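This report describes the secondary structure, sheets, core and charged pairs of one protein chain. The sequence and the structure are shown first.

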Amino acid sequence: MDESLSIKSQYATQYEVFLQVVVMHNYYDNGRCKDLVIEPTIETKSKLRGYNILYKPQRDGFMLALNRLKDYSLSNFLRAETFDFGFKINNPQFLRFTDLPYESGQFHVFENTNSSVDGRMHSEQYVGQSTCQSTDNEGIAGVIRIHHLPEKPLFFNSHDDAQNKSKLHFIHFNNRKVRVKYLCYGNSNLTNNSQFVFVESVYENIRKDIFTSPSKVKMKNGDDGLEFLSTDPIDLREKFPDYWQLKRGKSAGFPFEYKKVLPLPKPEGVVGTENGFVCELIVKL
């Protein structure tokens, strides 16, 4: 056996995960959020070395592992301690598809002492105003704060076996709801006969979204256009279970049916208005 491989294997099994933090987001199809860059603060890095704890970054959070060969029941491991992990959002579109205050500068503090029974690190069901502090710095950032307390120990040092179990905590972001607006132009037969044109959901058995009847508008280039607006807000998603199409039937003197698949909403098109959030998509017919 390769000696270096044996040493590496022994080193890996010497540690046991005692805490895991997972970041979740309803926008993503798999529910996991990969938009946070997380790193221990300089002070926390020093503490982790002193306690002989491994920090293991994950794509959707991080894990902490204890050295199984150390005795964490000693008095110096029983006192209260705090570990801070700074984070920042690395996705420039994050605020557009996430249900957060629409402010460019935000600093969030997540703490395991805020956890409910299920391990949530914020008091609300989803991350919102309660963890948010305004800041002069651009972007969304913050700190994930892990407390080790005598009454709620993280380390495997309790006489109660129920306490000596790995802790799972999570941060859960919700997707933003937007009204979808289609601005369609480029076909005078459609724009001049808008009373026969409509937008329909293709898979009505999965989800049926209702769009308004078309309104005639002038496009920025001067062309006549049609505007369709969803009557209710729609959850922004990485992937949609349905799609919409613009349609005109064969009736009313039109010998051929017209169909055009419409583009799905994207975060890049989201804008905030007085009446909520709208995702605007321009479509050439």
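In strand β4 of this predicted model, Gly61 is the bridge partner of Gln58. The pairing of β3 with β4 is antiparallel and extends over 6 bridges. Both strands belong to an open sheet of 4 strands, ordered β3-β4-β1-β9, in which the pairing is mixed. At its edges are β3 (53-58) and β9 (167-173), each of which pairs on one side only. Ignoring direction, neighbouring strands of this sheet are turned by 15° against each other on average. In general, the strands of a sheet pair through backbone hydrogen bonds, in either a parallel or an antiparallel manner.

**Overall composition**

The chain contains 4 helices and 18 strands. Of its 285 residues, 43% count as buried. Among contacts in the chain with a separation of 6 or more, 72% are between residues 24 or more positions apart.

**The three-stranded sheet**

A further open sheet consists of 3 strands in the order β11-β15-β16, with antiparallel pairing. Here β11 and β16 are the edge strands, and each pairs on one side only. The twist from one strand to the next averages 25°.

Strand β11 (residues 197-201) is joined to β15 (residues 244-248) by 5 bridges, and the two run antiparallel. Strand β15 is in turn joined to β16 by 4 bridges, again antiparallel. Lys247 of β15 takes part in both pairings: its bridge partner in β11 is Phe198, and its bridge partner in β16 is Lys259.

How is β11 placed with respect to the rest of the structure? Of its 5 residues, 4 are buried, so the strand is largely enclosed by the rest of the structure.

**The nonpolar core**

In soluble globular proteins, nonpolar side chains tend to be buried together. The largest nonpolar core of this model has 58 residues, and the members that touch the most others are Ile53, Ile144, Phe155 and Tyr182. Leaving aside residues up to four places away in sequence, Ile144 touches Val21, Ile38, Phe62, Phe83, Asp84, Phe85, Phe87, Phe110, Met121 and Ile171.

**Salt bridges**

Side chains of opposite charge can pair when their charged atoms come close. The structure holds 13 salt bridges, among them the three listed here.

| Salt bridge | N to O distance |
|---|---|
| Glu16 and Arg68 | 2.8 Å |
| Lys47 and Glu81 | 2.9 Å |
| Lys247 and Glu257 | 3.6 Å |

Glu16 forms its salt bridge with Arg68. Glu16 lies in strand β1 (residues 15-25) and Arg68 in the loop between β4 (61-67) and β5 (81-89), so this pair ties together parts that are 52 residues apart in sequence. With a relative accessible area of 33%, Glu16 is partly exposed. Arg68 counts as exposed, at 51% relative accessibility, the cut-off for this class being over 50%.

Lys47 and Glu81 meet through their side chains. Because Lys47 lies in helix α2 (residues 42-51) and Glu81 in strand β5, the pair ties together parts that are 34 residues apart in sequence. Lys47 and Glu81 are both buried.

The side chains of Lys247 and Glu257 also meet in a salt bridge. This pair links distant parts of the chain, with Lys247 in strand β15 and Glu257 in the loop between β15 and β16 (258-261), 10 residues apart. Lys247 counts as buried at 16% relative accessibility, whereas Glu257 is partly exposed, with a relative accessible area of 38%. Through salt bridges that share partners, Glu200, Lys247, Glu257 and Lys259 are joined into one network. Within this network, Lys247 and Lys259 are also bridge partners between β15 and β16.

**The loop before α4**

Where is Asn187 found? Asn187 is in the loop between β10 (177-185) and α4 (188-191). A polar atom of the Asn187 side chain lies 3.1 Å from the backbone nitrogen of Asn189. Not counting residues up to four places away in sequence, Asn187 touches Tyr258 and Leu285.

Methods
Residues are numbered from 1 along each chain as its sequence is written. This is a predicted model: local features need pLDDT of at least 70, side-chain atom pairs count only at pLDDT 80 or more; totals for chains, interfaces and linings use all residues. Side-chain values use heavy atoms; hydrogens and water are left out. Buried means under 20% relative accessible area, exposed over 50%, partly exposed in between (1.4 Å probe, protein chains only). Two strands pair if DSSP finds at least two bridges between them. A nonpolar core is a set of buried Ala, Val, Leu, Ile, Met, Phe, Trp, Tyr and Cys residues joined through side-chain atoms within 4.5 Å. Contact means heavy atoms within 4.5 Å. A polar contact is a pair of N or O atoms within 3.5 Å; within protein, one must be able to donate a hydrogen and the other to accept it, and residues adjacent in sequence count only if both atoms are side-chain atoms. A salt bridge is a side-chain nitrogen of Lys or Arg within 4 Å of a carboxyl oxygen of Asp or Glu. Axes are lines fitted to C-alpha atoms, for helices over the stretch in contact, and angles run from 0 to 180 degrees between N-to-C directions.
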